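Colleague: I'm new to this one and would like a close look at a single part. Could you take me through the place where the two chains meet, and then through what surrounds it on either side?

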Amino acid sequence: MTVLRALIVKELGALFVSPVAYAIIAVFLLLSGYSFAVTLIVAKQASLVPLFFQAAVQFILLVPILTMRLFAEERRIGTLELLLTSPAREIDIVLAKFAAAMTVLLAMIGLTVTYALIIGVYGDPDWGPVYSGYLGLVLLSGALVSLGLAVSALTANQIVAAVVSLGVFGILWSIDSLASLLPSPMENWFLGLSLLARFTPFATGAMYTSDFGFFLALILLGLFLAVRALARR
Amino acid sequence: MEGHHAGPVAAAALDRLSKRYGATLAVDGVSFEVGQREILGLLGPNGSGKTTILRVLTGYLRPSAGSAQAGGFDLVREGRAARGRVGYVPEDAPLYRHMRVSEFLVFMGRLRGLAGERLHDRLAFVRERLALDDVFSIIIGRLSRGYRQRVAIAQAILHEPELLVLDEPTNGLDPRQIIELRGMMRGLAAHCSVIVTSHILSEIERVADRAAILLNGRLLAVVGIAEIAAAGSDLERTFLRLTTEIGSA
């Protein structure tokens, strides 16, 4: 536990010492604030559903920037050699990076709770979709971070890591659009892999155990692949 | 010519170690031991397998065949225990440049299971031993190459390793820093065994007890420095003779 804690503290320090985390948080808040204001003032809807979808799309675009450096940078400058030749386990190293990146995303999600409080004070929202939407955002960000980590663990080039992550996220987000072109049962398989199709019920207040399990499985798969990528040497 | 072992139990041992990168055989059936409190120099031209051997001995790479032990523990089967007995300074001393020296050393200490009083004592030891007092609270990225090398050595000896592995430690150092480093290595060998690689033969000759000479991933010989001198030769001539004989064979 001491080792994991030391690694998490180190990762958080590395993330917040660079301007990248602050830039990502600032851009996210600016865009989500704009979306919230338009929904509330122009469309006159006390709803966070548009905000959840916009936040999810922003995560698809921003998470690769956050995760690209996590392993690729350490591999490039050689510090990964220090970590992997210490008694720390690969799983500790991966979990620390996952926890640090999730801290940034949870901070971003947490700051948007202000919008929920505003509609709570000035309106009478249906709280079910609000809770499920936030849970969906947390699960989606977990899945994206773990997959981004796995990609970053495979390369020493941050740009390659970011581009490949973006490609993977983009395909997984919109893979359901191809589903209708495919014969059964492939249609259902592609639908089942779609991040958008899995996230939509959360954002609209209809949670299913299968969607929860899907995101959990993606998180575990990403972490497993990242550990395997580190162990392959 | 086989040199002596400095002690009865090996601090590190390679047994028919091979390492393959795809189709390339980087290390081919290398076996040698490093005795207690011994300094062993690894010599060889670029691409001879020096760094690969060090990376196997530190647990960074896994052998393709054969085995490697550190502190009596197999680096594959008992990896964590073996890695806990090794201190490693990779080539070019990679460090977290955004951290202060003190933060970095505390982090590396905790990574190796040090905490509380013991961590405090070990920090005081390396701070004094490597003369880091003046830079202890400075950000690593602002340090000179020589100080960065010292910080890298400090993190490697924090946990009192049985084996200290230094990959090209004199790279980029000025003559004064090289002389200082040589003195440090001798001092450190009072506490642990040392494996050091260098392109500079005279450096190895000055600090090492024995030298393992490699060519194209194969071990040509392990020679005792004192024995070479006693035979009226030197490491340079021995190295040239061995590498030329094999190269022309």
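What follows starts at the contact between the chains and then moves into each chain in turn.

Modeller: Sure. Keep in mind that this is a predicted model.

Let's begin where the chains touch. On one side, chain B puts in 22 residues, and these are in contact with 17 residues of chain A. Looking at the chain B side, the elements that give two or more residues are helix 2 (79–83), strand 6 (86–89) and helix 3 (101–111). Helix 3 of chain B has the largest share, with three residues. Sorted by class, that side of chain B has 11 nonpolar, five polar and six charged residues.

A good residue to zoom in on is His98(B). You'll find His98(B) in the loop between strand 6 and helix 3 of chain B. Leaving out residues up to four places away in sequence, His98(B) touches Ala14(A) and Val17(A) in chain A, and Ile139(B) and Gly141(B) in chain B. Is it buried or exposed? His98(B) has 14 other C-beta atoms within 10 Å, so it counts as partly exposed. As for Ile179(B), which is 81 residues away along the chain, its C-alpha atom and that of His98(B) are separated by 28 Å.

Now for how chain B is put together. Chain B is divided into domain 1 (1–85 + 162–249) and domain 2 (94–160). The centres of these two domains, taken over C-alpha atoms, are 25 Å apart. Between them, 10 residues of domain 1 are in contact with 10 residues of domain 2. On the domain 1 side, helix 6 (residues 175–188) of chain B gives the most, with four residues. That same side of domain 1 has six nonpolar, four polar and no charged residues.

Two backbone spots in chain B deserve a look too. Arg16(B), in strand 1 (residues 10–21) of chain B, has phi near 45°, a positive value in a residue other than glycine. Glu168(B) also has a positive phi, near 50°, and is placed in the loop between strand 7 (163–167) and helix 6 of chain B. Arg16(B) has 12 other C-beta atoms within 10 Å and is therefore exposed. Glu168(B) has 21 C-beta neighbours inside 10 Å, so Glu168(B) counts as buried.

Over in chain A, look at how helix 5 (residues 90–111) and helix 7 (residues 127–153) pack. Their axes come within 10 Å and cross at roughly 145°, and the crossing is right-handed. Among the residues making the contact are Phe98(A), Met102(A) and Leu105(A) of helix 5 and Tyr134(A), Leu137(A) and Val145(A) of helix 7. By class, this contact has 11 nonpolar, three polar and one charged residues.

Helix 7 of chain A turns up again with helix 8: the buried residues of helix 8 pack against helix 3 (49–77), helix 7 and helix 11 (195–203) of chain A. Those buried residues include Ala161(A), Val164(A), Phe169(A) and Trp173(A). The length of helix 8 (residues 158–174) of chain A checks out as well, because its 17 residues should span 24 Å at 1.5 Å a residue, and its end C-alpha atoms are 24 Å apart.

One last stop in chain A: the peptide bond from Ser184(A) to Pro185(A) is cis, with omega near 5°. Pro185(A) is in the loop between helix 9 (176–179) and helix 10 (186–193) of chain A.

Methods:
Residues are numbered from 1 along each chain as its sequence is written. Chains are lettered from A and ligands numbered from 1 in the order in which they are written. This is a predicted model: local features need pLDDT of at least 70, side-chain atom pairs count only at pLDDT 80 or more; totals for chains, interfaces and linings use all residues. Axes are lines fitted to C-alpha atoms, for helices over the stretch in contact, and angles run from 0 to 180 degrees between N-to-C directions. A crossing is left-handed if the near helix is turned anticlockwise from the far one by less than a right angle, and right-handed if clockwise. Two residues are in contact if their C-beta atoms, placed from the backbone, lie within 7 Å. Ala, Val, Leu, Ile, Met, Phe, Trp, Tyr, Cys and Pro count as nonpolar, Asp, Glu, Lys and Arg as charged, and the others, Gly among them, as polar. Domain bounds come from an automatic or database domain assignment. The expected span of a helix is 1.5 Å times one less than its number of residues. A residue is buried if 20 or more other C-beta atoms lie within 10 Å of its own, exposed if 12 or fewer, and partly exposed in between; C-beta atoms are placed from the backbone.
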